[in-house]
Amino acid sequence: SPEGSRLAFTTIGEDGLYRLWIRPLTSLDAQEAPAARGAQTLFWSPTGDALYFSVERSLRRITDPGSSYQLISDFPRRVPPLGAWIGPDQILLSHRQLTAVAPAGGGRATELGDSYLWPQVLPDGKRLLYLAYDKRIGRFRLRAGRFGEPQAAKDILETDSRVTWVASTQTPGTSYLLYVRGGSLLAQPFDVEQLHVTGDAVPLAGNVHVFQ
């Protein structure tokens, strides 16, 4: 969760259905969210007060493990796996076959022509990190820019996986990009204001598999 106190994850039961679980990081006891059975992807709201998840072609939301779900929006194809808030009530979702904006409180999703794979809003609330697949090199490029202005976006690095921006918990003002390349999980120092890497990537783990 955004404040770092809870973990949400899915498992597959003997019946083949995905199940969503939530547990505090201070405990090993997880509580299932029955209303989220069948959930395949999930992401937290920015404040951590809700979990958004997909079942088949619908995006849904729960506020706690015991609550019933709220239908947010139906999609013409499978729901992209990650949502990024590009406004107080607008969620951007994108994969190779579909990019759409859905009202966070519920309503009809609007399809877009531009693609923003694995979007993440940066701390200024105005710029995004996202991926674009480059057929020439057979991998993704991380890009940074404003929503709706893909022609002005800046290329940051090449990657085999999604990229996550994280702030350092030990050194205030320092941040990193986490990503997989060549089977290694890497952490690379990143200037989030000027949008460029500031040092070499450091390997954190090896033999890491990624899914296209």
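Q: In which sense do strand S9 and strand S10 pair, and over how many bridges?
A: Strand S9 (residues 90–95) and strand S10 (residues 98–103) pair in the antiparallel sense over six bridges. Two strands count as paired if DSSP finds at least two bridges between them, and strands themselves are DSSP runs of E with at least two residues, numbered from the N terminus. Within this pairing, Ile-91 stands opposite Ala-102 in S10.

Q: What should I keep in mind about the model and its numbering?
A: This is a predicted model, in which local features need pLDDT of at least 70 and side-chain atom pairs count only at pLDDT 80 or more, while totals for chains, interfaces and linings use all residues. Residues are numbered from 1 along each chain as its sequence is written, and side-chain values use heavy atoms, with hydrogens and water left out.

Q: What makes Asp-15 and Arg-19 a salt bridge?
A: A salt bridge needs a side-chain nitrogen of Lys or Arg within 4 Å of a carboxyl oxygen of Asp or Glu. For Asp-15 and Arg-19 the N to O distance is 3.0 Å, so the pair fits the definition.

Q: Why is Arg-19 called buried, and Asp-15 partly exposed?
A: Buried means under 20% relative accessible area, exposed over 50%, and partly exposed in between (1.4 Å probe, protein chains only). Arg-19 comes to 13%, so it counts as buried; Asp-15 comes to 47%, so it counts as partly exposed.

Q: Which residue of strand S3 does Arg-37 meet in a salt bridge, and how do you know that this residue is buried?
A: The partner is Glu-32, with the closest N and O atoms 2.7 Å apart. Glu-32 has 16% relative accessibility, so it counts as buried, while Arg-37 at 39% is partly exposed.

Q: Why is the pair of Tyr-133 and Phe-140 called edge-to-face?
A: Rings of Phe, Tyr and Trp (its six-membered ring) pair if their centres lie within 6.5 Å; planes under 30 degrees apart count as stacked, over 60 as edge-to-face and the rest as tilted. Here the centres are 5.1 Å apart and the planes stand at 70 degrees, so the pair is edge-to-face.

Q: What makes Arg-96 a charge over the ring of Tyr-133?
A: The rule asks for NZ of Lys or CZ of Arg within 6 Å of the ring centre and within 35 degrees of the ring normal. The charged end of Arg-96 sits over that ring, 4.2 Å from its centre.

Terms used:
Helices (H or I, at least four residues) and strands (E, at least two) are DSSP runs, numbered from the N terminus.
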